[in-house]
Amino acid sequence: MKPLQKAGILAAINRLNDSVAVRMTWMFGSIWCVYAFLIFSLVPALVPQWQNTLLYISNCIQLVALPALMVGSALLNKAQDDRALEDHRALVEILSDVREELADIKLRTVGIARDTSEALQRPTLTDVSISDQTFVNLSDKPASDTP
């Protein structure tokens, strides 16, 4: 058998094992499993001669369920960790974009403030228009009505 085929078979077996562990975790974590074990625990009260057999079955269930629950929980936690890491990366990218936009807005705001302060420091202009010519009065006094 080729190593590539062997790796494919092992990967398929690992996926199957992971799937079984996750399903068992969901199954043992359901309320229906609680009801089943409640009924299972009451059987010796109704049929006392089955107590030893039920105790053996209970031990077998615990021996199988405990490792399956641990593997299933680890797989579910890994999936949640992967999603959290993906969310973190997306949020860091969004934060970087927001910082870039904020820096751009600050630059524009500084430019607007500078332009405004320059405009306020200029002398006031009074435009006088006669036909198609414009005369600009640069003094602080308003333009007189005499030509």
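A helix, in what follows, is a DSSP run of H or I at least four residues long, with numbers given from the N terminus. By that definition, Arg23 is found in helix α1, which covers residues 3–28. One thing to keep in mind throughout is that this is a predicted model.

Let me start with the overall layout. The protein has 3 helices and 2 strands. Read from the N terminus, the order of the elements is α-α-α-β-β. The protein has 147 residues, and 8% of them count as buried.

Next, the annotation. The UniProt record, an unreviewed entry, gives the feature "transmembrane region" at residues 20–47 and 53–76. What does the model show over those stretches? Over residues 20–47, the chain is 89% helix and 0% strand. The C-alpha atoms at the two ends of that stretch are 33 Å apart. Over residues 53–76, the chain is 100% helix and 0% strand, with the end C-alpha atoms 34 Å apart.

Now two pairs of residues that are separated in sequence. Back to Arg23 in helix α1. Is Arg23 buried or exposed? Arg23 counts as exposed, because its relative accessibility is 62% and the cut-off for exposed is over 50%. Arg23 and Leu69 are 46 residues apart in sequence, and their C-alpha atoms are 9.4 Å apart in space.

The other pair is Leu76 and Val22. Along the chain they are 54 residues apart, and 7.2 Å separates their C-alpha atoms. Leu76 sits in helix α3. With a relative accessible area of 25%, Leu76 is partly exposed.

On to the charged side chains. Side chains of opposite charge can pair when their charged atoms come close. How many salt bridges are found in the whole structure? The search finds 2.

One of the salt bridges joins the side chains of Asp82 and Lys78, at 3.1 Å from N to O. Both residues lie in helix α3, 4 residues apart, which is about one turn of the helix. As for their surroundings, Asp82 is partly exposed at 40% relative accessible area, and Lys78 is partly exposed at 48%.

Another salt bridge is between the side chains of Arg108 and Asp104, again at 3.1 Å, N to O. Why are Arg108 and Asp104 separated by about one helical turn? It is because they are 4 residues apart in helix α3. Arg108 is exposed, with a relative accessible area of 57%. Asp104 has a relative accessible area of 35%, so it is partly exposed.

Last, the surface patch. Which residues gather in a patch of negative charge on the surface? They are Glu93, Asp97, Glu100 and Glu101. Take Asp97 as an example from that group. Asp97 is found in helix α3, which runs over residues 51–121. Asp97 counts as partly exposed because its relative accessibility is 36%, and partly exposed covers the range between the 20% and 50% limits.

To recap helix α3: Leu76 is placed there, as are the salt-bridge partners Asp82 and Lys78, the pair Arg108 and Asp104, and Asp97 from the negative patch.

Technical notes: Residues are numbered from 1 along each chain as its sequence is written. This is a predicted model: local features need pLDDT of at least 70, side-chain atom pairs count only at pLDDT 80 or more; totals for chains, interfaces and linings use all residues. Side-chain values use heavy atoms; hydrogens and water are left out. Patches are made of residues with over 30% relative accessible area and no salt bridge: like charges are joined within 9 Å, nonpolar side chains (Val, Leu, Ile, Met, Phe, Trp, Tyr) within 5 Å. Accessible areas come from the Shrake-Rupley method with a 1.4 Å probe; for residues, only the protein chains shown count as cover. A salt bridge is a side-chain nitrogen of Lys or Arg within 4 Å of a carboxyl oxygen of Asp or Glu. Lys and Arg count as positive and Asp and Glu as negative; His and the chain ends are not counted. The place of a charge is taken as NZ of Lys, CZ of Arg, CG of Asp or CD of Glu. Buried means under 20% relative accessible area, exposed over 50%, partly exposed in between (1.4 Å probe, protein chains only). UniProt positions are given in the numbering used here, feature names are shortened, and annotations may be inferred rather than shown by experiment.
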